[in-house]
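Me: I am new to this structure and would like a close look at a single part of it, the place where two helices pack against each other. Please take me through that part slowly, and tell me how far the model can be trusted.

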Amino acid sequence: MRVLKAGLMAALVTAGLGSAQAQAPRQDEFFWLGEINKATAVINTGEGLLDRALAPRIAAGLAAVLKAGAAPGARRPSTVITFEPLLIEAAGVEATLLHAGRSSQDMHATYRAAILRDDLLQLAEALRKTTATMLRLAERHAGTIVPNYTNGVAAQPNSYGHYLLGHIAGLQRDADRIREAYARVDRSPMGTTVLNGTGWPLNRVRMADYLGFAALVDNAYDASQIASAEMPVEAGALVTGIALHAGGFIEDVMTQYAQSRPWILLQEGGGNTYVSSAMPQKRNPGLLNDTRSQASTVISLAMGRVMQAHNIPPGMADAKSVRDNSAMVGAAVRLLQQWDRILGALVISPERALEELNSDWTASQELADLLMREHRLPFRVGHHFASEIVDFAKAHDIRPSDFPYAEAQRIYAETLREMKVEGGPLPITEPAFRAALDPAAIVAARATSGGPQPAEMARMLAAAGTALGEQEAWIAGRRGHIAASLARLDADFSALLPR
């Protein structure tokens, strides 16, 4: 049996394990193998599975291994079979008594779940921050009237704040999915060994509690054979959804940015834009391009999880790589950080947006709606009337505010004759006709729930703020639970160390 040198033992006893923990060690595979071993030593000693007389020396050896691994540039083994020799060297072969009822299968499944759990919290926090920035922008532009687009063409006037709240609704679903996935990841596989458990009466519940897990993976076969390969694929679906939302937003901005006189731009400088090497007039949207590329990278990495997980028998390690899984989530975190930069760099011109609205007759549907809503004219008749007005206006380069009311009356009469509908003169007065083509008036007069009218905007902005507060509290609660669990483990493990 090997014994720790007196000087190292004294240092461990004097300094205690708390000082190393206070330096917030990197929570990688080595860290979690250490936590699993610490929890095993405490639990098995307390429950009579490990000789209480051996526990101090094994605990001291484990503490020495962890302290050495915390040194700058130190070796930090990431597998059970490379970690264990260090433990044997520090505490003797008796240290392998910790391995009662364990396998690299359940230990690796446990640290994969713990690391993915941490990654999901990091993703949730990045998503919350980006959504909060978007919400502040929506509040600032609640009354800014801009065109919205369908099929790549200007379609209707809307509040830019309302448009952003639509994107926020999608991001809130992403946040919900993270929480739902987290609950499935936040289950401890420890104690399931390889396939069907062990003859050792291991306390799985206490182990899960020490490691900060909320529950157990119930089925021992599922623990390392099914769930461990499935969770990275689910995380891939999460980041894919976020990347698709980011890409859609960026493409909408790019549609405007490509115009000669866009109503939405990026602030120049700070890496947001860059000049062309040949064409002096160009201000290339570097930040938009880089973020769109990052979204594609995220989706590529996510699809890799699917490709590696398919067509393999249960238990294979293909899709379980901590490095690859963390790289995928980390790429999504960077995407969100870049998206946050875009939101902070947007420059909106309400005047130019209104000009585009009026030049492209995006308010014309309101004429058809008004005729049906207040004068009971069939919608398709009103739609045809409005369409004829737009055709005439574009043929004669007439803006909505300048369209001759007499011409509208003539087109209305022709529409009734063409569609064989009985009726008198245009029932909309000239002031009502003008108001129906006013984009700001249209937005303010929306009556359905979820619309851009001021009352609904106030309600939805408040609801989005509440949801963000709940998300922030959930993230803090999960992190606090893990930290408290590990602190309790440290305290109980310290009690095993030689005095």
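Reply: What follows looks at one helix pair, then at a residue elsewhere in the chain, and begins with the confidence of the model. This is a predicted model, and its pLDDT averages 91 over the protein, with 93% of the residues scoring at least 70. Residues 1-22 call for care, since their pLDDT stays under 50, although the model has 34 contacts beyond four places in sequence for them. Where pLDDT is low, the predicted coordinates should not be read in detail.

The helix pair consists of α3, which covers residues 29-46, and α6, which covers residues 104-140; their axes lie 9 Å apart and the helices pack at an angle of about 120°. The two helices are therefore oblique to each other, and their crossing is right-handed. On the α3 side the contact is made by Glu 29, Trp 32, Leu 33, Ile 36 and Asn 37, which meet Met 107, Thr 110, Tyr 111, Ala 114, Ile 115, Arg 117 and Asp 118 of α6. Sorted by character, the residues of this contact comprise seven nonpolar, two polar and three charged ones.

Turning to the other residue, Val 333 belongs to helix α11, which spans residues 322-345. Val 333 counts as buried because its relative accessibility is 5%, and, leaving aside residues up to four places away in sequence, Val 333 touches Gln 122, Leu 123 and Ala 126. Val 333 and Tyr 163, by contrast, are separated by 170 residues in sequence and by 23 Å in space, taken from C-alpha to C-alpha.

Terms used:
Residues are numbered from 1 along each chain as its sequence is written. This is a predicted model: local features need pLDDT of at least 70, side-chain atom pairs count only at pLDDT 80 or more; totals for chains, interfaces and linings use all residues. Side-chain values use heavy atoms; hydrogens and water are left out. Axes are lines fitted to C-alpha atoms, for helices over the stretch in contact, and angles run from 0 to 180 degrees between N-to-C directions. Helices (H or I, at least four residues) and strands (E, at least two) are DSSP runs, numbered from the N terminus. Angles under 35 degrees count as roughly parallel, over 145 as roughly antiparallel, 65 to 115 as roughly perpendicular and the rest as oblique. A crossing is left-handed if the near helix is turned anticlockwise from the far one by less than a right angle, and right-handed if clockwise. Contact means heavy atoms within 4.5 Å. Ala, Val, Leu, Ile, Met, Phe, Trp, Tyr, Cys and Pro count as nonpolar, Asp, Glu, Lys and Arg as charged, and the others, Gly among them, as polar. Buried means under 20% relative accessible area, exposed over 50%, partly exposed in between (1.4 Å probe, protein chains only). pLDDT is the predictor's confidence in each residue, from 0 to 100.
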